[in-house]
Structures are given as structure tokens and as C-alpha cells.
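Q: I am in my first year, and I would like to take a close look at a single part of this protein. Please take me through that part slowly and then show me how its surroundings fit together.

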Amino acid sequence: MPRDIKGYLMSHPSPTGAMPDDAPPPQRLAAIDLGSNSFHLLVANQVDGQLQVVAKLGEKVQLGAGIDDDGALTEDAMQRALDCLARFAPFLEETPTARLRVVGTNALRAATNSQVLIERAEALLGHEIEIIAGREEARLIYLGAAHALAEVHGRRLIVDIGGGSTECIIGEHFEPLALESLEMGCVTFTQRFFADGDITEKRFRKAELAALSELANIRRPFEELGWADPVGSSGTIKAAAAVLAASGQGPEGIIDRKCLSALRKRLIKMKRLDKVAMDGLKEDRASVFPAGIAVLSAVFEAFGLEQMRYSDGALREGVLYDMIGRNTAEDSRLQTLDGLRRRYQVDPRQADQVAASARQCLDQVADAWPLNAGHAQFLDWAAQLHEIGLAISHSQFHRHGAYLLAHSDLSGLARPEQQALAFLVRAHRRKFPLKELDALPASARPTLGRLARLLRLAVILNHSRPEHPPSAFRLAADGEALSLSLEEDLADQALLINDLEQEQEYQRAAGFSLAIETRDAAVASR
């Protein structure tokens, strides 16, 4: 698939502009962005690599404003979220579940009880929800904005001011070069600096200084990379551009530094959040608009910008384009995992052999355990990465590897995916980690427990690092009980039999059953 989809379509147009008779039917895709201020739904058809919008909805939910002093989402905030998703649900009826992604951002990252809302929302939608890390949010924003923009030769600075965080990205074409997510947004800064509704010069400047403090850490490296085209996306910047256009201050979609300064002064003169009203400004954004403008003013100040243009592409568009590229050579997850293998100098031959044995194990229990292609992919990834902890220490390397996977910024992977990979790597040897399994979402535990048991056997079968992955075995499942039959060339390997006897003990202690048999007799099964 061409990376520059729009450029490809422009250079290969249909003679009539219509779809050819033999064109494949359009594929329906959908994305829901659970933001700290707004929830957004985008439904589109993928036609010849291009997105044709079917439905585009947004509602102000202000999830970030519903986090109490203890860091938990209030029941009212969760109900607002669920009510919004109930209104979105009918638009998803024709979207295959594999072509839908629901992503949560800063508020769900921050709330201590976000899992409560996630489980209720998943039950409502019948689909899993991914909480994405800040830099992953930045990557998807860049992807969406870059596709929405006309081609520019040179680098772009893209800024997205959300309800709870602000993402700053420098990129060229469709490749991000620097990704940052900063803890500042229009909802959180409204609570922090304008909580009682008063707007003053002093409070406005305090908000700007707080934003400048966040930006200070990235200003120099961003300036060293440089950019030719400053671009803004999402609600605050869209609203600022609309207000300036409505007042006749510059062309539509452009924010000028002098005009932004004049807008700042207008807001301060209004004195109260409940008095904020301007042509071009939607009523439901008015209360968080001053805080958003404070953040935007700080961005202009920190980076020395004279103007910024608005792009309509943002996170939800990026999610759809990312889905189009999944399971292709353009899949960012594959690039990330390959980078991990190289960075931590994973032995590629051993990783490939464990992966091959793990796939053989999975294929042999496929009838008893309904594991799908997505599960097979995760098992393969875990096999490829199971030894990354060796780069830190041989002692407890499975723990080190799990920590690296759980806490690294992994481009393309959502938090649940990282959590799953970290668990599998943690579980691939020694005692079965029941505590870590219990910490996973309840819906994921049975499947990840099964994948871990398959990975453990694949690692044991390749413990001696043979020239080729062993294939003279047969694995069967009956419920949760596994039975491994070894042919003669494997049954004669004393080290392998010893390892498998130890594995029987580990699985028995975890409440599982593993029987080991040769062609002639059973290995003592405990």
C-alpha cells in the first residue's frame, strides 16, 4: 500500500472519477476517540486506499473534569461517557469488529478507576477499549494530520491541544521524527487556574507560565530539528481559528500571533467563564476556551511562532489510517518490535525457533482452544521478544524483559497490547506468575493464561538451542489440561525430560495439568 495515499490517488485518477466496475467493495472502518474533553466518532469507507466519511460525530463529555480529588472518575462523569457511547453505538452496526478501534487518552490514563468505566463501556459497545500512551496518541495525531494536509516539502510542527494533554510532533511526509505528550490541556488548566470562573491577567499568565514550564523540556530539541510548517489540530485550535475568521482577523484556518494576542485580551476583558461568548465559538466550548488559549499562547511564545494553520485531521483520522496499514509492511507495530529486537540484541535464530515451536503448539490445540489469528500474532511477538531482558541481566531476565515491555513507549501498541506482551514475557519461565495474571482484565486472563502455557513449552523445547526447532512432538488439550507426547529423538534427551518434569511442577502449583508422554511410557505425571 502506498504510504502517501492521497498523493497516489491524485497521480492515478480514474478517468471518470468513478469506481471501476471490477473495484472491490468498500470496507467500513470506525474509530472512537475517548478524549478528556470530547468524545468523537468517525465512520468511513475505505475505497481504493481513500477514506470516504460516512458519519462524524462529537460530544462534549468533559471526562477530565469528572476526576475527583482522589483521582477517580465520578459516577456522573462515567454516566455522561456511557450516555454518549450509547448514542454512538447505532452508527457502528455495519462495522466489522476487526475494523473498529476505540481509544482512550489522558483522562483514562490518569483516573485511578478507569477500568470500571472501561468494563462498562466495553459491555455497552461489545468491543474492547484501548488506553493509549501519550506518545502513541501523538503518533496517531500526526498520522491523521499529515494525511489531511497538502504535501509540504520540509518538516512540520504539529500541535494538538486536548482536554488533558497537549501533543507536539515534528515530522516529515508521514514519518514522525519527535513525539511528545505534555500534561496540559483546556479542561485540566480550567480546573487549575480558572476553577472559580474568574478570568484575570494574573491567572491567565500563570496558566501560560505553567504551559511554558512543560514546553521548556522539548523546546531546544524541537528547534534543533526545525520545521517549515506550523500546524494545529483538534478543538482549541479549531475554535481559535473559527473565532478569528468570524471577527475578520485573517484568512480562514490561519492563526496569526498578533490576532491571538488580541483574542487573549478579549477573553480577559470578559472577566468570567460564564460570560465568554464570541462569534464562531460554540457554546459548549466556551468554558474551557480561555485555558486552551493560554496553552496555545504559550506554544506560540515557546517556539517563536508567527502563525499557525489549522488541519482537520487528528487522532480519530490517524486511528483509521493506522488500521489500514495494520498487518502489512506498513504496520508500525512490526517496526517497533523489530527495533526492540535490534536495540536489545536479541538472538534472532533462537527467537525464530521459539516462535516456530509456539506456532506448532498453538496449531495443535486449535480445535480445543479457540485462539484466533490475533492471539497467534501476540504469541509470535512474545516468542520473538522473550529474551530481551538478557540485555540487563541473565538473573531474572524474564522479569527485566516484562518491565521493559510494560514501561517503554512502544509506537503502534496500545496499553492493553503492551500489558499482554509484558505478561507473556514475564510468564515464559520459572514459577507461573498468578499474581500478574490476576492483575490483568478479567476478560483477558483465560486467553493470556493459555498463550503463556504454550510459550513456556516452546521455550523448554528449544532450551538447548538446537540447530533447528524440534517438531517430533504432539500437544493436545482437553479443557485446561495439556498432554505433550514426545517421539523417540526427544524422549531420549535427559535435559529436556528434566525441564519438562520441572514444568509439570510449576503448572501443578498454578492449578494446571500437564501430562508428558513418550511413545512407550508416560513421564511421571504429577
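Which residues of helix α15 (residues 397-407) are buried?

A: A word of care comes first, since this is a predicted model. In helix α15 (residues 397-407), the buried residues are Phe397, His398, Gly401, Ala402, Leu404 and Leu405. If you look down the axis of α15, these buried residues fall within an arc of 160°, so they line one face of the helix. The face turned away from that buried side carries Tyr403 and His407, which are exposed. As for what lies over the buried residues of α15, the cover includes α12 (332-343), α14 and α16.

Two of these covering helices deserve a closer look, beginning with α16. Gln418 lies in helix α16, and with a relative accessible area of 6% it is buried, because buried means under 20%. Leaving aside residues up to four places away in sequence, Gln418 touches Leu405, Ala406, Ser408, Leu410 and Leu413.

Leu405, one of the buried residues of α15, also appears in a wider setting. The largest nonpolar core has 59 residues, and those with the most contacts inside it are Leu405, Leu421, Phe423, Leu454 and Leu486. Helix α18 (residues 445-461) gives the most to this core, with ten residues. Apart from this core lies another, of 50 residues, among them Ile170, Ala210, Val243 and Met278.

Phe423 can be followed further, for its contacts, not counting residues up to four places away in sequence, are Phe432, Pro433, Glu436, Leu437, Leu440, Leu448, Gly449 and Ala452.

The other covering helix, α14, brings us to aromatic rings. A pair of aromatic rings is described by the distance of the centres and the angle of the planes. Counting rings whose centres lie within 6.5 Å, there are seven aromatic pairs. In one of them, Phe378 and Trp381 are tilted, with 5.2 Å from centre to centre and 55° between the planes. Both residues belong to helix α14 (residues 373-385), where they stand three residues apart, about one turn of the helix. Phe378 is buried, and Trp381 is buried as well.

Phe432, which Phe423 touches, takes part in another pair. The ring centres of Phe432 and Phe512 are 5.2 Å apart and their planes meet at 75°, so this pair is edge-to-face. This pair links distant parts of the chain, with Phe432 in the loop between α16 (415-426) and α17 (434-438) and Phe512 in the loop between α20 (494-509) and β14 (513-518), 80 residues apart. Phe432 counts as buried at 8% relative accessibility, and Phe512 is buried too, with a relative accessible area of 19%. Elsewhere, Phe222, Trp227 and Phe303 form one aromatic cluster.

Finally, we can step back to the whole protein, whose secondary structure comes to 20 helices and 14 strands. Its radius of gyration is 26 Å, close to the 24 Å that the globule rule gives for 526 residues, so the protein is as compact as a globular protein of that length. Buried residues make up 53% of the 526 residues, and among contacts between residues at least 6 apart in sequence, 69% join residues at least 24 apart.

Notes. Residues are numbered from 1 along each chain as its sequence is written. This is a predicted model: local features need pLDDT of at least 70, side-chain atom pairs count only at pLDDT 80 or more; totals for chains, interfaces and linings use all residues. Side-chain values use heavy atoms; hydrogens and water are left out. Rings of Phe, Tyr and Trp (its six-membered ring) pair if their centres lie within 6.5 Å; planes under 30 degrees apart count as stacked, over 60 as edge-to-face and the rest as tilted. Helices (H or I, at least four residues) and strands (E, at least two) are DSSP runs, numbered from the N terminus. Buried means under 20% relative accessible area, exposed over 50%, partly exposed in between (1.4 Å probe, protein chains only). A nonpolar core is a set of buried Ala, Val, Leu, Ile, Met, Phe, Trp, Tyr and Cys residues joined through side-chain atoms within 4.5 Å. Contact means heavy atoms within 4.5 Å. The arc is that of the directions from the helix axis to the C-beta atoms. The radius of gyration is taken over C-alpha atoms; the globule rule is 2.2 Å times the number of residues to the power 0.38.
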